[in-house]
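Visitor: I would like a close look at a single part of this structure. Please take one helix and explain what surrounds it.

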Amino acid sequence: MNYIITGGTGFIGTHLANLLREHDREARIWNLDIVDPARLDAGGMTGKELEEYTTIRQWKSPVADGQTRQSAYIYCDVRKPIYDLPLESTADDVIFNLAAVHRTPGHPDYAYFETNMRGAENVCAFAERHGIRRIVFTSSIAPYGAAEELKEETTLPTPNTPYGISKLVAEKTHMAWQARAAGRQLTIVRPGVVFGKGENGNFTRLYWGIRGGKFVYPGRKDTIKACIYVKELVRFMLWCIESQMSGVEIYNCTFEPAYSIERIVETMKRVTGMKRFVPLIPSWALMPAAAVIGCLGAPMGICPARVRKLMVSTNISGRKLASSGYKFRYTLEEAIADWYGDNGGKWLK
């Protein structure tokens, strides 16, 4: 039996491989990615390569100090048909399809469709050829579209970005694969903001923004920001594989209820010992300032598109997950404390 992780070099894939190794010391864990983790972790990628892969100038590895990768690397570009992998596939294998172009904004529109849609087709075709019956697909909350209303798994998706559209189409591709044969198991997870060691995303920027006195509440403090700790997400993904018999299940993956940006900020400050005051800047003043900062090179990732995202709630219901029988290991405070511990109690990155 193999655990096959597409996009396994990245943030979630690295944490997933750690959990699988902890779960089964003898597991065969394969990382199918276009990025060699050895080069990435050793700093062997050029500046241009690194920026194209992460869209983050100062990328930090999800591998904790003193640890090693828990998966075997195989070069694989999911945008192309997947053949001739150096592993013996079996019907009992599990595919965790994480490969995606996902940071938004940050990529040209075609990149989301090329990787996310064509990648779904090629991964499902690989599973079809080898008789693999179990796939976990990491989608996103982006298919719901940006709106303040509460979204549940039954909410009609209305994506309004290339990323959201590409992820919704990819979901349908996986569903079509599952429907073509009896006994196939498909779990689609739609995570909120995923945070933890090596995230290099919203929570990391938030922490360093607060720490450097550069973060302000953008227009309001009660914006809902659905989120989940990366170690919780991968534990839930493994739980789904072990508990779901067959069919299709879709889960929003977020704390329930989802937290406000103020609750997240105050928790982050309390856990890490920051005493910074965070002011509120009204929206009428914020957008012009973001436009000016964007023209200066967007330090801290500040630009009008990201500021607009901060001002709109990601109001995602996690009730289905909460009632599934899965038991959360971490509260928000415990999750941030664990992340802080992964960095030696020095910072969050």
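Guide: What follows starts with one helix and then moves to the sheet and the cores.

This is a predicted model, in which local features need pLDDT of at least 70 and side-chain atom pairs count only at pLDDT 80 or more, while totals for chains, interfaces and linings use all residues. Residues are numbered from 1 along each chain as its sequence is written, and side-chain values use heavy atoms, with hydrogens and water left out.

The chain has 12 helices and 15 strands. Helices (H or I, at least four residues) and strands (E, at least two) are DSSP runs, numbered from the N terminus. The part chosen here is helix α5, residues 162–179. Its expected span is 1.5 Å times one less than its number of residues. For the 18 residues of α5 that gives 26 Å, and the end C-alpha atoms are 26 Å apart, which agrees.

Buried means under 20% relative accessible area, exposed over 50%, and partly exposed in between, using a 1.4 Å probe and protein chains only. The buried residues of α5 include Tyr163, Leu168, Ala170, His174 and Trp177. Their cover includes β4 (94–97), α4 (109–130), β5 (134–138), β7 (185–191) and β12 (247–253); contact means heavy atoms within 4.5 Å.

The strands β4, β5, β7 and β12 belong to an open sheet of 7 strands with parallel pairing, in the order β3-β2-β1-β4-β5-β7-β12. β3 (72–75) and β12 are at the edges with a single partner strand each, so one side of each has no neighbour in the sheet. Two strands pair if DSSP finds at least two bridges between them. β7 and β12 run parallel and are joined by 7 bridges. Within the sheet, neighbouring strands are turned by 20° against each other on average, direction ignored.

Another helix, α7 (residues 230–243), lies across β4, β5, β7 and β12, and runs at about 160° to β7. Axes are lines fitted to C-alpha atoms, for helices over the stretch in contact, and angles run from 0 to 180 degrees between N-to-C directions.

A nonpolar core is a set of buried Ala, Val, Leu, Ile, Met, Phe, Trp, Tyr and Cys residues joined through side-chain atoms within 4.5 Å. The largest has 54 residues, and Phe96, Phe195, Met237 and Met268 have the most contacts inside it. Its largest share, 8 residues, comes from α7. Apart from this core lies another of 24 residues, among them Ile95, Val123, Phe126 and Trp177. Trp177 is also one of the buried residues of α5.
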